[in-house]
Amino acid sequence: RAAVSRQTHAAYALMARVRKAHPGLEIENCASGGGRADYGALRHTHRVWVSDCTDALERLSIQQGARRFLPPEVMGCHISASPNHQTHRKHTLAFRAIVAFFGHLGVELNPLQLSDVEREELAMWIGLHKSLRYVLHSPSSTIIDYPVVDGRHVFGVMAGSSKTREEHLIVAVAQSTQTLQEQPLPLTLPVYWPESHYTVKLLGPTPPPFVRSHPQQLALLSGDTAIAGGLLQSLGLNIPQLYPESAILLEIKTVKE
């Protein structure tokens with residue numbers, strides 16, 4: 001006799017009883033072992049552990065798939081150790097933090113094994129995530145997710161108000177592999193108002209991992225240059241080439257006039 005439906009509803013009922021008895025309890029779904037990372041389970045749980053693999057490079061594609069079904073605030077995304085527990089790959093703290101930045105951020109490393117500089121950087125990334133959570137995890141925000149081209153992953157969130165005509169975008173650009181083209185294609189941005197002006201600012205405590213860059217390119221990413229929204233939509237930003245397995249985080253905001 002068919003039992004899958006009965007087992008599923010029994011699992012929901014069990015979680016509902018536990019939550020009622022212990023209202024402060026948080027339950028994390030498992031994407032594989034528990035097999036219950038579905039919309040029905042999300043009524044009773046707080047987040048989904050997307051994968052046991054926390055390697056930032058692997059997570060780029062894993063989380064890209066998960067974003068098609070899950071809101072970012074319920075996706076368990078951790079800043080992992082280096083070397084990584086599963087793959088033994090070594091990545092910069094910035095790369096690991098940016099890949100995990102948009103989800104339900106956690107830390108999966110031993111802070112006692114970090115240097116003083118690394119602990120300060122980790123605290124900065126956590127503080128930055130908290131300060132931007134109103135954009136990252138707002139019900140009114142829209143997910144930004146571009147197709148991967150030449151190993152470049154572009155993803156983020158955008159929020160805007162039609163009353164104030166203010167807009168706020170947080171966008172990650174991550175390079176997974178060595179590029180085939182010497183200069184990547186310009187990054188166009190889906191801003192709402194082409195007639196408004198925007199600033200673009202690099203976020204983070206470390207220098208950007210660019211292969212090479214021109215002063216004019218860096219000036220556009222300084223947060224001090226007003227750029228017409230129509231140009232961001234049509235021509236885009238000429239972002240310098242990134243090294244493989246590195247990433248940058250951009251903040252784009254409307255200029256108050």
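The legends below describe several close-up views of one predicted protein model.

Because the model is predicted, local features need pLDDT of at least 70 and side-chain atom pairs count only at pLDDT 80 or more, whereas totals for chains, interfaces and linings use all residues. Residues are numbered from 1 along each chain as its sequence is written, and side-chain values use heavy atoms, with hydrogens and water left out.

**Figure 1. The whole protein, with 7 helices and 10 strands.** Helices (H or I, at least four residues) and strands (E, at least two) are DSSP runs, numbered from the N terminus. The C-alpha atoms fill a box of roughly 65 × 45 × 35 Å, taken along the principal axes. The radius of gyration is 20 Å, which agrees with the value near 18 Å for a compact globule of 257 residues; this quantity is taken over C-alpha atoms, and the globule rule is 2.2 Å times the number of residues to the power 0.38. Of the 257 residues, 44% count as buried, where buried means under 20% relative accessible area, exposed over 50%, and partly exposed in between (1.4 Å probe, protein chains only).

**Figure 2. Helix α2 (residues 56-66) against helix α3 (residues 93-100).** Two packed helices are described by the angle between their axes and the distance between the axes. Here the axes come within 10 Å and cross at roughly 15°, which makes α2 roughly parallel to α3. Axes are lines fitted to C-alpha atoms, for helices over the stretch in contact, and angles run from 0 to 180 degrees between N-to-C directions; angles under 35 degrees count as roughly parallel, over 145 as roughly antiparallel, 65 to 115 as roughly perpendicular and the rest as oblique. In the contact, which means heavy atoms within 4.5 Å, Ala56, Leu57, Arg59, Leu60 and Gln63 of α2 meet Phe95, Arg96 and Val99 of α3. Sorted by class, the residues of this contact are 5 nonpolar, 1 polar and 2 charged; Ala, Val, Leu, Ile, Met, Phe, Trp, Tyr, Cys and Pro count as nonpolar, Asp, Glu, Lys and Arg as charged, and the others, Gly among them, as polar.

**Figure 3. Helix α3 against helix α4 (residues 116-131).** The axes of α3 and α4 are 11 Å apart and pack at an angle of about 20°, which makes α3 roughly parallel to α4. Leu93, Ala94, Ala97 and Ile98 of α3 meet Glu118, Glu121, Leu122 and Trp125 of α4, and the residues of this contact divide into 6 nonpolar, no polar and 2 charged.

**Figure 4. The surroundings of Ser80 in strand β3.** Ser80 is buried, with a relative accessible area of 2%. Not counting residues up to four places away in sequence, Ser80 touches Thr54, Arg96, Glu108 and Leu109. Ser80 and Asn110 are 30 residues apart in sequence, with their C-alpha atoms 9.3 Å apart in space.

**Figure 5. Backbone details at Pro83, Asp150 and Arg165.** Most residues other than glycine have a negative phi, and most peptide bonds are trans. The peptide bond from Ser82 to Pro83 is cis, with omega near 0°, and Pro83 lies in the loop between β3 (75-80) and α3. Asp150, in the loop between β5 (142-145) and β6 (152-161), has a positive phi near 55° and is partly exposed, with a relative accessible area of 23%. Arg165, in the loop between β6 and β7 (166-175), has a positive phi near 55° and is partly exposed, with a relative accessible area of 35%.
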